[in-house]
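Subject: Structure handover

Hello,

Here is the structure we talked about. Please open it alongside this note, which covers the helix packing and then the ligand site.

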Amino acid sequence: MDFGLKGKRALVCASSRGLGLGCARALAGEGVHLVMNARGKDVLEDAAQKIRDEFGVEVETVAADVTTEDGRKPLIDAAGEADILVNNAGGPPPGMWQDWDREDFIRALDANMLAPIALIKALVPGMMERGWGRVVNITSQSVKAPIPVLGLSNSARAGLTGYVAGTSRQVAGSGVTINNLLPGIHDTDRADALDRAVCEKEGISMEEARARRCAGIPAGRYGTAEEFGAACAFLCSRHAGFIVGQNILLDGGGVNATL
Ligand code: NAD
């Protein structure tokens with residue numbers, strides 16, 4: 001299947017590792033030129049060089065914090081006339097509902113709701129003028145089924161989901177789609193960190209923590225960044241123009257719901 005993406009240009013936020021990197025690599029595999037981003041310069045540049053070597057596409061890197069206005073400025077400049085925007089940032093820390101204060105919520109909202117909205121507002125008008133664009137937001141399965149210890153994530157991502165539901169319908173007529181990809185448990189540094197937190201809290205080994213989480217996934221395993229990236233590339237493809245404002249779970253069946 002020809003995804004029709006060769007020569008297009010994408011900004012992939014938070015993409016030196018994990019799911020963001022999976023998306024960057026899958027898009028590069030379809031011939032998309034990239035702007036990649038993360039806070040740390042060295043890991044980001046390493047990941048970018050591997051992609052240049054492997055796929056022969058142009059990759060610009062911007063080391064910046066996507067959750068701040070100052071960090072987004074150079075990203076938006078580098079993105080220029082981007083055809084594709086993949087929104088991503090680190091997830092909020094786990095905790096207990098009664099411990100989070102206003103500052104914790106503001107940080108989570110900045111990272112997982114207001115940053116993607118700011119980038120949509122910066123880049124979508126140009127896509128609409130040019131008559132084609134794709135936005136994919138990496139959110140979480142917690143949008144469909146709450147993860148109690150990730151209340152900050154549940155809250156901030158619900159806000160983004162509501163914004164996308166309305167906005168995607170306002171821009172679809174100009175050839176721009178906005179959709180959300182909802183990861184269930186994937187084998188990344190983030191999953192490791194959450195597993196480690198469980199080990200420390202419950203005094204169990206990493207193997208035990210993983211086995212417990214796998215037991216709740218009908219597919220019997222964690223997802224991979226490659227699979228996740230492939231789904232993102234499809235949503236960006238010319239075949240996905242009729243998919244508008246959707247929330248697509250990639251969770252190995254983990255969320256036990258009919259719809
Ligand atoms: P990860 O920790 O493996 O990778 C995060 C990437 O984002 C890294 O490249 C990191 O450098 C970059 N990053 C983090 N904060 C940033 C910032 N402020 N500015 C710029 N770059 C930043 O995480 P992941 O597993 O790939 O998760 C990606 C997103 O998906 C997160 O929001 C996470 O909460 C969510 N998610 C992940 C899973 C999972 O199982 N992995 C499940 C549900 C939701």
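A crossing is called right-handed if the near helix is turned clockwise from the far one by less than a right angle, and left-handed if it is turned anticlockwise. Keep that in mind for the helix pairs below. One caution before them: this is a predicted model.

Helix packing

Two packed helices are described by the angle between their axes and the distance between those axes.

Start with H1 and H2. Helix H1 spans residues 18–29, and helix H2 covers residues 41–55. Their axes lie 10 Å apart, at an angle of about 20°. Angles under 35 degrees count as roughly parallel. H1 and H2 are therefore roughly parallel to each other. H1 passes H2 in a right-handed crossing.

H1 also packs against helix H8, residues 225–236. Here the angle is about 55° and the axes are 7 Å apart. That angle makes H1 and H8 oblique to each other. Their crossing is right-handed.

The next pair is H6 and H7. Helix H6 runs over 189–202, and helix H7 over residues 206–215. They pack at about 110°, with 9 Å between their axes. H6 is therefore roughly perpendicular to H7. This crossing, too, is right-handed.

Ligand site

Which residues come nearest to the ligand? Of the 27 around it, they are Ser16, Leu19, Ala89, His186 and Thr188.

By class, that shell has 9 nonpolar, 12 polar and 6 charged residues.

Now the polar contacts. Asp65 uses its side chain: an N or O atom there is 2.8 Å from a nitrogen atom of the ligand. Ala89 uses its backbone: a polar atom there sits 2.6 Å from a ligand oxygen. Gly184 also makes a backbone contact, with a polar atom 3.3 Å from an oxygen of the ligand.

How much of the ligand does the protein cover? On its own, the ligand has 830 Å² of accessible area, and the protein covers 90% of that.

Three elements give two or more residues each to the shell: helix H1, strand E2 (33–38) and helix H6. Two of these names appeared above. H1 is the helix that packs with H2 and with H8. H6 is the partner of H7.

For a quick look, begin at Asp65 and its contact with the ligand nitrogen. Then turn to the backbone of Ala89.

Best wishes

Key: Residues are numbered from 1 along each chain as its sequence is written. This is a predicted model: local features need pLDDT of at least 70, side-chain atom pairs count only at pLDDT 80 or more; totals for chains, interfaces and linings use all residues. Side-chain values use heavy atoms; hydrogens and water are left out. A residue is near a molecule or strand if one of its heavy atoms lies within 4 Å of it. A polar contact is a pair of N or O atoms within 3.5 Å; within protein, one must be able to donate a hydrogen and the other to accept it, and residues adjacent in sequence count only if both atoms are side-chain atoms. Accessible areas come from the Shrake-Rupley method with a 1.4 Å probe; for residues, only the protein chains shown count as cover. Helices (H or I, at least four residues) and strands (E, at least two) are DSSP runs, numbered from the N terminus. Ala, Val, Leu, Ile, Met, Phe, Trp, Tyr, Cys and Pro count as nonpolar, Asp, Glu, Lys and Arg as charged, and the others, Gly among them, as polar. Axes are lines fitted to C-alpha atoms, for helices over the stretch in contact, and angles run from 0 to 180 degrees between N-to-C directions. Angles under 35 degrees count as roughly parallel, over 145 as roughly antiparallel, 65 to 115 as roughly perpendicular and the rest as oblique.
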